Amino acid sequence: MKRSPGTGSAKTSAYTSEALQPSVPDDTIIRPHAETAYAHELAALAATDDRPRPASWRLSPWAVVTYLLGGKAGETVIEPKYYGQRRLIEIAVATLATDRALLLLGVPGTAKTWVSEHLAAAISGDSTLLVQGTAGMNEENLRYGWNYARLLAEGPSEKALVPSPVMNALRDGKIVRVEELTRIPADVQDSLITLLSEKTLPVPELSTEVQARRGFNLIATSNDRDKGVNELSAALRRRFNTVVLPLPDSLDEEVTIVQNRVAALGKSLELPPEAAPLREIQRLVTVFRELRSGKTEDGREKIKSPTATLSTAEAISVIHQGQSLAVHFGDGELRAHDLAAGLSGAIIKRPGYGCRRLAGIPGDRGEKTGWLAGFVPGL
Ligand SMILES: Nc1ncnc2c1ncn2[C@@H]1O[C@H](COP(=O)(O)OP(=O)(O)O)[C@@H](O)[C@H]1O
Ligand SMILES: [Mg+2]
């Protein structure tokens, strides 16, 4: 609930989100949730959507796909959020309409988290039910915990129970997201099995259970590279449909993604649009793709790939950092030396590593020295 400053109720408990999040004007929030940032698109889609909606869904599966991939809802333009194969998103959305959960798999920076947030926003109107998977996690984080002060004072009761986001999603018929599922220790992961197959979460301490309402489902994301750390047990894997999000196919596609995300980020930081010229974005994405594939785009030269992940997400942040340098310390236009500063952070994570290789990347006119030479310190 939003309130104007100064109208906060005195009765608000110290633990409610309203108390933790004082009533500030919305535009001071650094990153509003998807359902807030795109509220107008979601409302337009809901108003024009005449296809059947699964129980508790805010939109039909078709409209959810339109929300993710872009299109029109009446007069309202729906911005594309994900660039990639339509079929992948259709499979993901169709899965969520069944009783199987969705696992988004891919290398870092392939928009797994991004897609899951938007799916939850479009389907449940709420992308905040989120569990971040870590190696130190225990079952309480996936099921429920206790407010120990209350538990000791009053014994087990519903009031003393602290529900996890998973429990809240079950009870409210919403989508819950579990980030980095395979980082969670295997025995803790297994506590999801009953939940996903029986659609209920027993609370033996209170001799009760929370049964899933329609609309409940789970989206897990997992990093390809974490595989083997705590690989999913076969039993759990059977409860999921897996959709692999790939790295962008072509240079053009990747440039479009970076361009769009950079423009959106620039807008939120009030950077002028000329702060990220297409030419520099193309150069940077080319460098990333060449380093990733280990050869130049024309296939003529071999390059040693660095160990750092060179995802689209990283390219976005390098441009973004360069923009900030150009705007605050340059003449406002992003130039190679602004990019180089970010690049050395993203690629050359160890001093000295890869500098010579980078210097060997051909520049605009194919010159051997490379456009970065002279910009990266120590090159
Ligand atoms: N195909 C894509 N379409 C749109 N955005 C993308 C794409 N690939 C990467 N991104 C951008 O990369 C950023 C990071 O993605 P993220 O979801 O955090 O990656 P992951 O969770 O897979 O590691 C997001 O801001 C997203 O906009
Ligand atoms: Mg992620």
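Start with helix α6, residues 112-124, in this predicted model. At 1.5 Å a residue, its 13 residues should span 18 Å. The C-alpha atoms at its two ends are 18 Å apart, so expectation and model agree. Now look at its surroundings. Eleven of the 13 residues are buried, so α6 is largely enclosed by the rest of the structure. Lys112 is buried, and so is the run from Val115 to Ser124, which includes Glu117, His118 and Ile123. After the helix comes glycine 125. Its phi is positive, near 70°.

The beginning of α6 leads to ligand 1. Among the 18 residues around this ligand, the closest are Ala111, Lys112, Thr113, Trp114 and Ala313. Three elements give two or more residues each to the shell: α6, α13 (251-268) and α15 (312-329). The shell also draws on two domains. Domain 2 (86-244) and domain 3 (251-359) each supply at least three residues. By class, nine shell residues are nonpolar, seven are polar and two are charged.

Turn next to α15, another contributor to that shell. This helix has 18 residues. From first C-alpha to last it reaches 25 Å, close to the 26 Å expected at 1.5 Å a residue. Its buried residues include Thr312, Glu314, His320 and Gln323, along with Ile316, Val318 and Ile319.

Now move to the sheet. Strands of a sheet pair through backbone hydrogen bonds, either parallel or antiparallel. Here five strands form an open sheet with parallel pairing, in the order β4-β7-β10-β3-β11. The edges are β4 (130-132) and β11 (240-244). Each has a single partner strand, so one side of each is left without a neighbour in the sheet. On average, neighbouring strands are turned by 20° against each other, direction ignored.

Follow the pairing inward from the β4 edge. β4 pairs with β7 (residues 175-179) in the parallel sense, over three bridges. Valine 131 stands opposite valine 178 of β7. On β7 goes to β10 (residues 217-223), again parallel, this time over four bridges. Valine 178 has alanine 220 as its bridge partner in β10.

How is β7 itself placed, buried or exposed? Five of its five residues are buried, so this strand is largely enclosed by the rest of the structure. Both of its faces are covered. Ile175, Arg177 and Glu179 are buried on one side, and Val176 and Val178 on the other.

Methods: Residues numbered from 1 in each chain as written. Chains lettered and ligands numbered in written order. Predicted model: local features only at pLDDT ≥ 70, side-chain atom pairs only at ≥ 80, totals over all residues. Expected span 1.5 Å × (residues − 1). Buried ≥ 20, exposed ≤ 12 C-beta atoms within 10 Å, placed from the backbone. Near = placed C-beta within 6 Å. Nonpolar A, V, L, I, M, F, W, Y, C, P; charged D, E, K, R; others polar. Domains from an automatic or database assignment. Pairing = 2+ DSSP bridges. Axes fitted to C-alpha atoms, helices over the stretch in contact; angles between N-to-C directions.
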